[in-house]
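Hi,

Here is the structure I said I'd pass along. Have a look, and my notes follow below.

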Amino acid sequence: MADEPQKKPHLSALVGHTNGLTKPASLAAATRAGGGGGGGGGATASSKKLVIKNFRERPKLPDNYTQDTWQKLHEAVGAIQSSISIKYNLEELYQAVENLCSYKVSATLYKQLRQVCEDHVKAQILQFREYPFLVHRNDSLDSLLFLKKINKCWQDHCRQMIMIRSIFLFLDRTYVLQNSMLPSIWDMGLELFRNHVISDKQVQNKTIDGILLLIERERNGEAVDRSLLRSLLSMLSDLQQVYKESFEQRFLEETNCLYAAEGQRLMQEREVPEYLHHVNKRLEEEGDRVITYLDHSTQKPLIACVEKQLLGEHLSAILQKGLDNLLDENRISDLTQTYQLFSRVKGGQQILLQHWSEYIKNFGTTIVVNPEKDKDMVQELLDFKDKVDHIIEVCFQKNEKFINLMKESFETFINKRPNKPAELIAKYVDSKLRAGNKEATDEELERILDKIMIIFRFIHGKDVFEAFYKKDLAKRLLVGKSASVDAEKSMLSKLKHECGAAFTSKLEGMFKDMELSKDVMVQFKQYMQNQSDPGNIDLTVNILTMGYWPTYTPMEVHLNSEMIKLQEVFKTFYLGKHSGRKLQWQTTLGHAVLKAEFKEVSLLINHIKLFMLMFCSAFSHTLNFFTEDSELRRTLQSLACGKARVLIKNPKGKDVEDGDKFIFNGDFKHKLFRIKINQIQMKETVEEQVSTTERVFQDRQYQIDAAIVRIMKMRKTLGHNLLVSELYNQLKFPVKPGDLKKRIESLIDRDYMERDKDNPNQYHYVA
């Protein structure tokens, strides 16, 4: 049976080599006959087996092979370190290293290589020790020359180690790789350079001083050799802890000092926009340094240092010095930069939020609390809201915190003056919905109403708005002054969505009354056609439900007999269909169309007041005016002082005064056959405002009473503080604790509730 084959020794490096080694002997092949039993039987050719035997011993190296080969390698390493040509072929040198490693010479070879490299690196330090280190750091020329010298030394060392490693690559990939305690040939080179060159205190200090000087010059605006900086800092980074421990720490300390001083100085010298632009520029510059030549690990502490010294230390000062101006002047780009920079600093957004809120409150308060600005208050509020919305969207990136705080700030300042903003918003809506408003298209009007609703949300006393809005809506509906029914209903829908159906129920009732009145008048006209004497006057009546409409004080008006007769006819007609109802005529809210005969023309005059009917009998007479009636004064003013002057006032003037005389203007003429004379829209009097406000307060008292009774009926017994707390939760308008206490006392007096005999702060419900 053939021998078991042995592991073949690695001889490939020796075969055919002309370095004095003999070629290995040919492998021997032994054959023998496969034996059968005795008796002369012979084996056939097919029974023969080929047996291959391996050498059991490694071929011996020639004498002095290891020494001679190392000599060649030593010479090659020396040539590389001296930057001269190598006498031997690189492939031949690589093969020589492989041969030595194959014959267990790896450890010796590694030690010899390390020693040669170490001797060379040690020799390099001499050129730097002879360098004049005592030159002051500010001698930039000397420093630059030194940096170039150390950089050349480093570049040469790297190039040499790359070439040396390529020759000793087999050693690096076998012996070194198998011994984890040994550094690779490249790492060995780094270690030697670090230990014998950069770790030298004089060399290290001079190098880092020079690098910091170059960076300082660049920060001051000078052009420097960035590739030199990149190479040197890459060297420190490659040398492991040298960058972190020796360079970065000093670099950050100097950066901190530089920007601390710069921040203090520029905050005094520059305006806020200019200062923030400088901060942004500095941050971009430092970011570019990280990309260009600093180690990436330096980015975070470096940028944090700049942000802290140029921003973090001056957050309040920056905002106090310039935020109000930026907002007043609507400096969008500068506000955007402010937000972006403050968002980078811890606590920056929070302090910006605080100043943002204070600005809104202060600016808004100047709009709301000054009575002189009442005329333009709502428009200024809308403009201000548009402005802050635009700033939030464009500058503050729609940050929810800024949006929510803006809403809170608006709610705070707009309620500093109770009731007045609500009243003025109602009047502003009236001005937009009234006929004759040609400022906006339907789409623009809808957008205006949407904006008004946003301001309306901030108001606490919405019942005040309702009272004034209802009064103005009634005027628009009764005298046909509404610009658009669709716009009216759109506004009503918005109010219903915002405040609920209960808030708009009366307003919706007013619209319903107007629609029902149209149906009634169709029936009344049919009724009049069946009368024997229908008369010459076409009467139109609006039936108003008293609970829906504002309260009107009845005024006695002396109508002519024909009008009185028509009133009675309509009363008979209406009560015949709706028994049990009561009609109360509000003649002051009516208007009339009459035919007037002038010298040259006959005209139909449509006027809001029935006064014209009364004046008909005095056309040829002079009327002396002495009255305190504001309605009559306003009517005469529209007839005698407007564009269509059918009456002549003496003396002439725009206002009607006591003692003025009026006479029919027989010479009046007009290009139109039918003209409409609108009553002068006088400003709402103080008495009217007080009356409306008093009605609101009265309604509030009823609501407070109802809420107290409702709570006490459910809870039976309740302490004062808990009752007040419950009331604040239920009431939808602002109320003072003193007002609540008065209502509680009033209910106790009326026996709806009583005090506890032992505890005066406890109440019991009285069934």
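**Notes on H12, Ser246 and the H18/H19 pair**

The buried residues of H12 pack against four helices: H8 (201-219), H10, H11 (272-292) and H13 (315-328). Keep in mind that this is a predicted model.

Which residues of H12 are buried? They are Leu302, Ile303, Cys305, Val306, Glu307, Gln309 and Leu310, so Glu307 and Gln309 are on that list alongside Leu302 and the others. The helix itself covers residues 299-310, which makes 12 residues. From first C-alpha to last, H12 reaches 16 Å, close to the 16 Å expected at 1.5 Å a residue.

Next, Ser246, which sits in helix H10 (residues 241-269). Ser246 has a relative accessibility of 17%, and because the cut-off for buried is under 20%, Ser246 counts as buried. Its side chain makes a polar contact of 2.8 Å with the side chain of Gln204. If you skip neighbours within four places in sequence, Ser246 is in contact with Gln204, Ile208 and Gln241.

Last, the H18/H19 pair. The axes of H18 (residues 420-433) and H19 (residues 442-457) come within 11 Å and cross at roughly 175 degrees, so the two helices are roughly antiparallel. On the H18 side the contact involves Ile425, Tyr428, Val429, Lys432 and Leu433; H19 brings Leu445, Ile448, Leu449, Ile452 and Ile455. By class, that contact has 9 nonpolar residues, no polar ones and 1 charged.

Cheers

How values were computed:
Residues numbered from 1 in each chain as written. Predicted model: local features only at pLDDT ≥ 70, side-chain atom pairs only at ≥ 80, totals over all residues. Heavy atoms only, no water. Buried < 20%, exposed > 50% of the residue type's maximum accessible area, 1.4 Å probe, protein only. Polar contact = N/O pair within 3.5 Å; in protein donor to acceptor, adjacent residues only side chain to side chain. Contact = heavy atoms within 4.5 Å. Axes fitted to C-alpha atoms, helices over the stretch in contact; angles between N-to-C directions. Parallel < 35°, antiparallel > 145°, perpendicular 65-115°, else oblique. Nonpolar A, V, L, I, M, F, W, Y, C, P; charged D, E, K, R; others polar. Expected span 1.5 Å × (residues − 1).
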